[in-house]
Amino acid sequence: MHIQKDIQLKPFNTLNLHSIASDYAKIDSIQALTAALDYAEQHQLNSLILSGGSNMLLPEHIHALVLHIDIQGVEILEDSSNHITIRVGAGQVWHDFVLMTTSKGWYGLQNLALIPGLVGASPVQNIGAYGVEVGEFIESVQVYDRHNKVTQNIKGIDCQFAYRDSIFKHDPNRYVITHVTFRLLRRPELRLNYGDLKAAIGDDLTPENLQRQVIRIRQNKLPDPKEYPNVGSFFKNPVIVQTDFDQLLTKFPQIPHYPQPQGCVKIAAGWLIDQTGWKGKKLGAVGMFEKQALVLVNYANASLSEVKHTYQAVQKDVKQRFNIQLEPEPVLFDTNGFIRSHSE
Ligand code: EPU
């Protein structure tokens, strides 16, 4: 374990925010992790977990130890005619992992192809796309608990997976995810309930084609972070109660919406933003993408304060028009490397 000083995190966050970390270490094992955490304690530093950097908002200076997770490995724990159980290092690249599962005949994750980031971050916000959420396929998550200083396994059912949410978001400065154990299918079961996908897949009902079509749809709509720095959807799709939704529907009958459990309704934030005229619009160097209004793009080396300026202007316009408060999806860090609420 080697601690480096004053490291530029710009290449490690997909929004390309300039951010200098006072202390930084690459972590390739649980031993390296505990050694780094000891160092942080001795130097009275908080530790910030950096994964693929595709869902984070970083300040210009961070006085903390940044732990860049690079734990590799895919291990088969159990293989039967119906299921396979595999334990995967948190540092594996998510998309490469999905491609590998498909090529091996391990099914379930095909709808989640091309999502940026690493395996270890996938349970945190329960990544989801095209009718599938990763939590459905997670058997357990191995973590290092920074409070109790122990390694532990949290069962999938105890992770409280919900729409872009999990236990890891509720207690954000506590757990470091080191491995994720997935239980995948050995026989294909295609999930085609998402509109665009059913049309795209046609008659070739194979997991390989499903994965290909997901990749194609994403490439058509979502900007490549290498070209247009972004963090995917910038806001969550708001979930509101039925009575509020009924009122909204009388004013805006064409609003895209999806019924949820417990009498709630999820609304397409991209549509709300689009309606306020923000699609393809910029404020300074930061704007909402021209093909998908839900994606915020850093067009020219903007800082976090410029990003905030733009997204708060979007929030204000949506609030004014629809009386809905949009909640940002990426995680916001303060200058001591602690996760902060967007509303503070
Ligand atoms: N829409 C517009 N204008 C826009 C964008 C969207 O009118 O500029 C409308 C679309 O026409 C559609 C609806 O809004 O009727 C929903 O749009 P879309 O299908 O593109 O999906 P989304 O709700 O914008 C969510 C996820 C994506 C995920 C897709 C597909 C969230 C916050 N986002 O986007 O996830 O890929 O569904 O399942 O839930 C991410 O989290 O980073 C992400 C990309």
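The lining of the second largest pocket divides into 13 nonpolar, 13 polar and eight charged residues. The structure described here is a predicted model. In this model the second largest pocket holds about 880 Å³ of space, and 34 residues form its lining. Nearest the centre of that pocket lie Thr14, Pro116, Asp224, Pro225 and Lys226. The elements that contribute two or more residues to the lining are helix 2 (94-104), helix 5 (207-221) and strand 13 (230-233). Of the lining of the second largest pocket, helix 5 supplies the largest share, namely four residues.

From the pocket, the description turns to the sheets. One open sheet consists of five strands, arranged in the order 6-7-12-10-11 with antiparallel pairing. Strand 6 (74-79) and strand 11 (150-155) are the edge strands of this sheet, and each of them pairs on one side only. On average, and with direction ignored, neighbouring strands in the five-stranded sheet are turned by 20° against each other. At one end of the strand order, strand 10 (residues 138-145) and strand 11 run antiparallel and are joined by six bridges. Within this pairing, glutamine 142 has asparagine 153 of strand 11 as its bridge partner.

Another open sheet is built from three strands in the order 14-16-15, again with antiparallel pairing. Strand 14 (239-241) and strand 15 (257-260) stand at its edges; each has a single partner strand, and therefore one side of each is left without a neighbour in the sheet. Here the average turn between neighbouring strands, direction ignored, is 35°. Strand 14 is connected to strand 16 (residues 264-267) by three bridges, and the two strands run antiparallel. The bridge partner of isoleucine 240 is valine 265, which belongs to strand 16.

The final element to consider is helix 8, which covers residues 304-322. How far apart should the ends of a helix of 19 residues be, at 1.5 Å a residue? The expected span is 27 Å, and the end C-alpha atoms of helix 8 are 26 Å apart, so the model agrees with the expectation. The buried residues of helix 8 are Leu304, Val307, Thr310, Tyr311, Ala313, Val314, Gln315, Val318 and Phe322. Just after helix 8 comes asparagine 323, which takes a positive phi of about 55°.

Terms used: Residues numbered from 1 in each chain as written. Predicted model: local features only at pLDDT ≥ 70, side-chain atom pairs only at ≥ 80, totals over all residues. Heavy atoms only, no water. Expected span 1.5 Å × (residues − 1). Buried < 20%, exposed > 50% of the residue type's maximum accessible area, 1.4 Å probe, protein only. 1 Å grid on protein atoms, 1.4 Å probe; cavity = no way out; pocket = protein on both sides within 12 Å on 5 of 7 lines; lining within 4 Å. Points joined across faces, edges and corners; volume = space filled by probe spheres on them. Nonpolar A, V, L, I, M, F, W, Y, C, P; charged D, E, K, R; others polar. Pairing = 2+ DSSP bridges. Axes fitted to C-alpha atoms, helices over the stretch in contact; angles between N-to-C directions.
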